[in-house]
Structures are given as structure tokens and as C-alpha cells.
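Student: I have a structure open and would like to learn how to read it. Could you take me through a few features?

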Amino acid sequence: MRISTSTLFNANVAQLNTLESNMLQTQQQVSTGKSILTPADNPGGAAQALQVTQTDATNTQYLSNISMAQGTQTLASGVLQNFNTLLQSVQTSVLSAGNTGMSDANRQSVATTLQSDLSQLTAMANSQDASGNYMFSGFKGSTQPFVNTSTGVQYMGDDGQRSIQVSPNSQSASSSSGADIFMRIKNGNGTFVTQATATNTGTGVASQGSVINQALVNGDSYQVNFTSATTYDLTDTTTAATVSTGNAYVSGQAISVGGMQINISGAPASGDTFTIAPSTNVSVFQTISNFITTLNTPTTGNPAATAQLTAGIQSTISGLNNAMSSIGTANAALGSSLDGLAALTSSDNNLHVQYQQTLAGLQSVNMTQAISNLTQEQTILTAAQKSFVSVENLSLFNYIQ
Amino acid sequence: MSSDLFSINVSALNAAQIGLTTTENNIANANTAGYNREQAVQAATPGQNSGSGYLGTGVAVSTVQRVYDQFLSGQVTQQTGQSAQLNTYYSQIQQINNMLASSTTGVQPALQSFFNAVNAVANSPESMPARQTMISTAQSLSTTFQSLSQQLTSINTSVNGQIQTSVSSINGYAQQIAALNQSIVLAQSSSGGQPPNALLDQRDQLVTELNQQIGATVVKQGDGSYNVSVGSGQVLVSGNTAYSLSAVQSTSNPSQLNVAVGTAGGTLIPLQQSSIQGGALGGLLAFRSQTLVQTQDMLGLVATGVAGTFNQQNALGQDLNGNMASSTNSFFTDPVPVVNTNSANTGTASVTATITNYSKLTGSDYSLSYDGTNYTLTRLSDNTVTTSATLPVTVDGVSINLASGTPNAGDSFLIQPTINGATNISVAVTNPALIAAAAPVMANAPTTNTGAAAISAGAVDSTYTAATVTPAVTLTYNSAANTLTGFPSVPVTVTNNGVATVFAAGAPVTYTTGATISFGGASFTITGTPANGDTFTIAQNTSATTDNRNALLLAALQTQNTMQGGTSSYVGVYSQLVDQVGNQTSNLQVTSTAQTTLLNSTIASQQSVSGVNLDEEAANLLRYQQAYQAAGKAMQIASTLFDTLLSIGK
């Protein structure tokens, strides 16, 4: 086959070009450590790398969100624990007010202690986080949640619970509503509450009672009406129906109605009434301030007032128990949430490692392979260059004199 | 007899001289582009009859002809055109490929920074620094989009410029070919049919160079001139006449230049762009229609999707001042589709387009035409057609309206919904307090409720207005009937486990725990057992500085499949773009390399026939030199013979 001179040159030059451009590509891979320099190097890989990078980055964002949620939850948990500790001390003071031998003056000084405790508890419920937001006011973070008014401590926040995105499809609470924790506390035994009418003149005290047949509890309110010192009527005040009349009264004996059972002890006077009603929500602050009022009422020489004090102590104790239980439940929920977040943190950290490995697999170059390729290409290029020069020198004109 | 001796030798000397001249010419032109080596064709002159038989009369060079294979030359020309097209397309697309290459700058990192900032606002909605960072990162994101789009626009401008340059070159070649046609015909006729080799080589070289600009077909005429046509048969050169191409503004898309050819009558006929194949021009047009516009559209689709869906979600929230975002208060500027009225339209119609559903956007361009009775809307990516007798018509999330005027039959419009998405995206809000992180409604239950039911905080959809909860709605539960009453007079929908029940306006609503209740665009859930007489209030959200419900929804947009009919997220669309460009570039790299290899091997074949081999010419020099020496020696001997004859007479 006949070869023209230009073909000799052009073919070699073209080959040298190809070798040089391949070598440049390999050299860039070695110097950047990436096998994907432009999308054309690996289109599917480049596209996938974009998705993996986003997934990894959002995972890192979730880690940061989790740490934020952990911060606020730990803070809230600390406040609730301190709150319950103080409540226990309040409970001790309340019990001490029932000691025989306590004078009115002694009870008033207990009332003073309780008043300062109440201020402290209110301040705790108004705690703020590091950014200055109130922790327990729901979505109204710059509004103080618990405010003293003439009718007692009122809740000024809302029921909102701020959430933080901690994974692609789950959120964690980073604030709680003070209404649920401090305000929605059932009084009495949680289902019903007994109350002695304030105008009673006897010394009867109604116990907190308990539910003996849940199926019969229908939310009706009842009244025990003493027609004499030894007999009483039972009326359903919701339906205005009489349940029974002329029941014999024995101090301490059980009285059952509507699936609920209480007992009354002491000596009620004729005309005294006691109500049994479904529990309502009474805030922990209201429970304490009610008792402070009771403590400030002198009882010396007034047996009815003493009975009211005893009843007051009972209802305050159950109110405080219910409050501690509510706060304890909220705290337990925070605790388990924190545990969940800790587990999520460690699994997210593992995910991060996996995503980085996937990315490396997609776009990092195998350095050993690349360097070996580079060396090989350099060798081939050198050989091509040398052979080109030696071939190019051959010409018949060299031999024509 | 001696004259025969001399004349034969003279003819031999002449032939050798011509041979040498031809060889020297070959050597001199060894590196001339398009040169075909020439051979002197010797033929023995007719013999004369003498008594002793026919005696030869010497040699004559009948012609100097070029060693030319028409088939191989034609192949080289055609493949040069194809190679030039692929190389041009490849070098243009490499610009886009490189633009999308960086993993540290570019759309994905900017998008991530922005959504990290949105997450920070969701974590601390009351924080002004967090809100300001969200605005700043949004501005960076916009700048990133704008800068990429600017690069694409520059590429378009440069393509237009290169089209003009190419067209001028083509016109130059056309004129030269026409002139050479004339010279060649003249030279051939005045020399009695001898081929004017240099002119022929020059003309063939011009045809090859023309093919580097545009694929051209050559038909050789009987008189030896070339007729050249381009595109789908439009004549560029006919005999001595050259027509010219011009780059004219496209009637449908003013940002593009198209190619038109002039005719004998002086009119310009636009060439069908897809019919221009081969050469740099073919490559530029293919690049523009198959890659550049698509890239602009898809990049614009990402930007349009981000801006549009983000604005929609932001409008469902409430800012720090307690106001809902409105259309004049949006976070990004709302994306606006581009509508081009065809400059050849005769009617007065003005058409506008608005985006009604971001999820349905396809990123394709659309052509709207009117035939006198019906409007035909064609999706240009796959030529799907929708026909409608009137406007407005809504297709793929875009609503096209007749804003004013009336169209005439034959009028058309080019609608590009996403092409300017990346150019125009910008942050409209400057006051960080206006970011709508909170939800506009709040549901509360008073602590005096004795039941055990709780109500969720509530959410809204796009049909919600403040009128829904003005005045505040108080729902009351009736345990005997198990209903909730107190809704405003609008229908109420209760959805439980996917099954929806609609209650007429004003009717009591049956209570089901855990069901979602919605009315007037607001929805919430009540769970648990309420007591008789329990109430729930749904009202406008006030003083909600730490409410982050809408901010959470905004942050979630990043990973949701908001685009392409619910199948793709923002980064999903962007990665499709990267994949497409990467694939096209990689394919072009392979095909252009393969085409170059093919071209080189065809050139090698052609050169093996027509190319100069210096060693061969060196041998030819020796040959003709020997022939000359031999002829000279024979001349000397003939002269000696004559001298001998002359000396006989002495």
C-alpha cells in the first residue's frame, strides 16, 4: 500500500495528541483525587453523587436539629425535676399543718412559707431557655405563661408544642405546653372530688373516696344532705332525682353511689351537705393558694373550721400528688424522648459514615490505579516521541549527492 | 533520417524535461493542502511507414493529469463535514459540561446552605439572625442560578456570533467557487480540453473547506463547473453565480439567529434548521436545538420550582407581625413564563402565560398556533398536540390566555415557561420578620374542660383565608348526640382513615376520635373522649413568636418530591440535567473521536492515491534525470553521426 509523506506525519501527530490528552486526564485525576472531573466522565455517577450529597447534608442538619432538641428537652427536664422536689417540700409543710398542737400563729407561719414556695414554683414554671424564650408557653414564646392575677395564677400561653425535624419523617417536641403540665391537673382522686359546703356547722369530714365500679360512673354529681345528725339523703343533683333518703349515718362508714365510694367521719350537723362531683382541672398553683387561704383561717375554738382544715389538708395532698404525677409523667416522656434522640444520633452518625463511603465510591479515584496508569502513559508517550523522530529522519534525499 | 534522429531526441528531451518539471512541482507542493500529485502522461507519437516497417517518431506528453480518485475525494469531503459538525457540537457542549462540573460551587451546595438556614429558622423561629441568614442564603442561591444562566446566555450569544462568522465564510467560499467555475471552464475551452490542475485542486479544496462550515452536495456539470447545494437542496452555487446565505433573526424566537438563503429573485428563504447537516454550522444548530435550549429550560425548571413552591408554602404561613404573606409579599419573586409573538403574525393578539401548578411543569417549550378556528398547542419536546377552540387553555401546569386583540389564521406564539427561571429568580423579601414561620390558625382547649380530649394545633391549605376564623370558632361537644356544633356556615369535611364525609353547612358534625376535621381551608384533629359541654376554640394565631409549624413545612420542601408530577425533588431535576449533559458530552466525545479516526483513515486512503511521497519523487527525479542524460547522449551520438556524414564530403 502506498503511503504519502503527509500521512506519515499526520498519523504520528494524531497519535501523540491522543496520548497527551489521555495523560492530561489521568494527571488531573491524580492531582484532584476525583475520578469524576466533569459529568461526562461518569454521567450516572455524577447525578447519583448529587443525590447522595444532599441526603448526607440533610442527615447532618438533622444531627444539628437533634442536638438542639436535646438541649431544650434537658433544660425542661431539669426544671421539672426541681419543681417536683420543691413540691415534695410543700407537701411536708402541708402535712405539718395538721399536727395537733399547731396554733393559728404556727399555721400562719406555715402559710408564709407556702406563699414563698408558691412564688418560687411560679418562677420555675416561667423559666426561659438560652434564647430567652419561655419554655412552657407553647407557641407564645415571648409571652410569660404564668401570671398572678386577682383570681390566682392564670395561664397566658397556648397549647402549642414546637416540633423539630429530627429525621425525614419524624419530629421531636422541643417545647411543651405549660397548660398540660401545670394547669390540667385533676383534683380529688382523678375521677371525682368530694367537697364539704363552706356553711357546714358540723365537724364531718368527707374522704377523697375511690371508684368501686367504673361502669356505673356516669359523670353525674351527687349530694349527701344531712337531714339530722344521724340521717342523710342522697340526691343526684345533675338529674335532680333522689337516690335514697333517710340513710343512717355512722362515722367512718362507706357511702356508695353511682359506682363511687366515700366515707364521712366526725359529727355532721343537721343541714350540712357534702357534694360528690366529677373531677375538674385545678392548677397546682391554685391548689397551693387555696390551702394558704385555709391556713390563714383561724380554727381555735371553731370545730367546723378545724374540720375544714382537715378536709383542706386531704384535698391539697391529693391535689399535690396529682400534680407530682402529672409533672413526673411529663418528665418521663422527656426522658424517653431524650433516649430516643440519643439512639437517633448514633444511628445518624453511622449513616453519615455510610454516605461518605458511597460518595467516595462514586467519585474518588483509585489512587494506586491512577498513578500506575499515569506512569504507563508517560512511558508510551516517550516511546512514541522517540520512534517518531527516528522514522521522520528516513528520506531518500539523504542519499542523493 | 537525421532529422528523425534529432526530432526523436528532442521529443525525448522535452518529455524528460516535462517529467522533471512535474516531479519538481510535486515536491514543491508536497505540503500544499488539497494538492493531488500530478503525472506527466507520455504517449508514443504515431509511427511513420518507411519501407522497412513502421518507425517510431518519438514521444509526446499528451497531458499532465492529477492522480485523482473522485470517490475517495468525495468521501473525504463528506466525512470532513460530519467530523466538523461533531467537533463543533462537542466543543460547545464541553462548555456546559465544565460549567456543571464543580461540586463545591454550583446549585446543589447553594440549595443545601439555603435549606440549612430554613431549618435553623424552624429551630428558632423568633431569632432575627436566623431569619436574616435565611434571606442571605436565598440571595446566594439566586446569584448562583443567575450566574449559571448568564453563562448559558453568553454561550447563546457566542453561538449566534459563530453562526454569523460561519455564514460569512460560506459566502466567501461560494463566491470563490463560482469564480473558479468560470476560470476552469474558460481554461479548459481555451486549451482544448486540458485539465487546469491547479485550479481544479483549488476548487476541490474550497469544497472541502466549505464542508467544514456546512454540509454541501456537489453535482458536476457537463461543462466542468460545480453546482453546490446546501440544506435540503437549496442552491448555493450554480455555474458562475453564487447565492449567499444570511443570518437572520428567528421569527419565532428573537434570541436566536437562523440561516436563510437568497434566491435569484432577491428574496430570503429561511432554511429549515434541522435540514442543515454537517460542518460547523450544522454542529452549532444541533447544539442549540438539542442541548442549549434544553439546559436553559431545565435549569430554569429547578429555579422556577424552588421559587414557586417555596412562595406557595410561605403564603400559607404567618410572619412575626401576625400577617399572612400575600402575593405582594412573597419570599422569592414569582416566576413568569416567556411568551414570544412570532414577528410574521398579522393579527393583533397578545398572549400571556401563568404557572398554575409547579408540580406539572415539564421544562419543555410550547408552540401555540391559530388556524382560523382552533388553537393548537404543541409541546415541543415530544410534539404532543392539544387542540382547543378558545383560550385560556391549561396544559402541564401552564395556563395560556388571550390577553388582548384577535389572532389571524397562521399566527403563532412560542411559549417558554421555564427558560428564564434561573435568570429571573431573586429574593423579594428584605425584612426578616416577614418570613412566614408560624401557621395562621391556632386551636386551644380551655383548662376548664373536664373530658380527656386534646385538639391539634391546626394546619391550613391554599383555600384558607382569615375570614374562616373571624370571628373565632368555638366548638361545643354534645355527648348525648356525639356531635360537635359551632362551626361557621361552610361545609365541614371529616376524614377518618382516608374516608371523607362531608357535612352540610350548619349541620352538627359527628365526632370520631383521631379524624381530621376541615372547614374553610383550616384543618385540625381532636383525639380522645371529650366530656359533655367541653369546648374547643379555633382562632387566628396571635403572639406566636415561637410557632414554627410553617417553617417545618418550608424546610421539608427540600426532600419532598415537589416536581415532575410528584416524582422528583429539586435536586432530582438538577441531577437529571447533569446526567443528560454528561451523557450527551460523553457520547459526543466517543462519536467525534470515532469520526475523526474514520476521517483520518479515509484521508490516508485518499493520500495513498493522490498524496506526494517524497521518496517516490526522489526516485522519479533520478528516472527523468537518467532519461534526460540518455536522450542527451543519444543527441550527442546523432550529432556525431551527422558530423560523420558532413565529414564524408571533405
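Tutor: We will look at the chain contacts, a sheet, a pocket and a cavity, bearing in mind that this is a predicted model.

Student: Let's begin with the two chains. How many residues of chain A are in contact with chain B?

Tutor: Start with the counts on each side: 53 residues of chain A touch 65 residues of chain B. Then look at the area. About 4600 Å² is buried between chain A and chain B, with 52% of it on carbon and sulfur atoms. On the chain A side, A:Arg2, A:Gln54 and A:Phe139 together supply 16% of the area buried against chain B, more than any other three residues.

Student: Which side chains meet in a salt bridge?

Tutor: The count between chain A and chain B is one salt bridge. A:Arg2 pairs there with B:Glu616, at 2.7 Å from N to O. So you meet A:Arg2 twice, as it is also one of the three residues in that 16% share.

Student: Now the sheet. What holds strands together in general?

Tutor: Strands of a sheet pair through backbone hydrogen bonds, and they may run parallel or antiparallel. In chain B, five strands make an open sheet in the order β20-β30-β23-β24-β27, with antiparallel pairing. Its edges are β20 (441–444) and β27 (509–510), each of which pairs on one side only.

Student: How many bridges join β20(B) to β30 of chain B?

Tutor: Four bridges link these antiparallel strands, and β30 covers residues 535–540. To find one on screen, pick B:Met442, whose bridge partner in β30(B) is B:Ala539.

Student: Where should I look for the second largest pocket?

Tutor: Use the residues closest to its centre as a guide: B:Ser252, B:Gln256, B:Gln273, B:Ser289 and B:Leu380, out of 42 that line the pocket. The space in this pocket is about 1300 Å³. α6(B) gives the most to the lining, with 10 residues. By class, the lining has 28 polar, 11 nonpolar and three charged residues.

Student: And how many cavities of 30 Å³ or more does the structure hold?

Tutor: There is one, and the volume of this largest cavity is about 60 Å³. Its lining includes A:Phe274, A:Ala304 and A:Gln308. The elements giving two or more residues are β6 (205–206) and α6 (303–363) of chain A, and α6(A) has the largest share, with four residues.

Student: What classes of residue form that lining?

Tutor: Seven are nonpolar and five are polar, with no charged residues in the lining of the largest cavity.

Note on methods. Residues are numbered from 1 along each chain as its sequence is written. Chains are lettered from A and ligands numbered from 1 in the order in which they are written. This is a predicted model: local features need pLDDT of at least 70, side-chain atom pairs count only at pLDDT 80 or more; totals for chains, interfaces and linings use all residues. Side-chain values use heavy atoms; hydrogens and water are left out. On a 1 Å grid over the protein atoms alone, a cavity is a set of points where a 1.4 Å probe fits but cannot get out, and a pocket is an open set with protein on both sides within 12 Å along at least five of seven lines; lining residues have an atom within 4 Å of a point. Grid points are joined across faces, edges and corners, and a volume is the space filled by probe spheres set on the points. Ala, Val, Leu, Ile, Met, Phe, Trp, Tyr, Cys and Pro count as nonpolar, Asp, Glu, Lys and Arg as charged, and the others, Gly among them, as polar. Two strands pair if DSSP finds at least two bridges between them. Contact means heavy atoms within 4.5 Å. Buried area is the accessible area (1.4 Å probe) that two parts lose on being put together, summed over both. A salt bridge is a side-chain nitrogen of Lys or Arg within 4 Å of a carboxyl oxygen of Asp or Glu.
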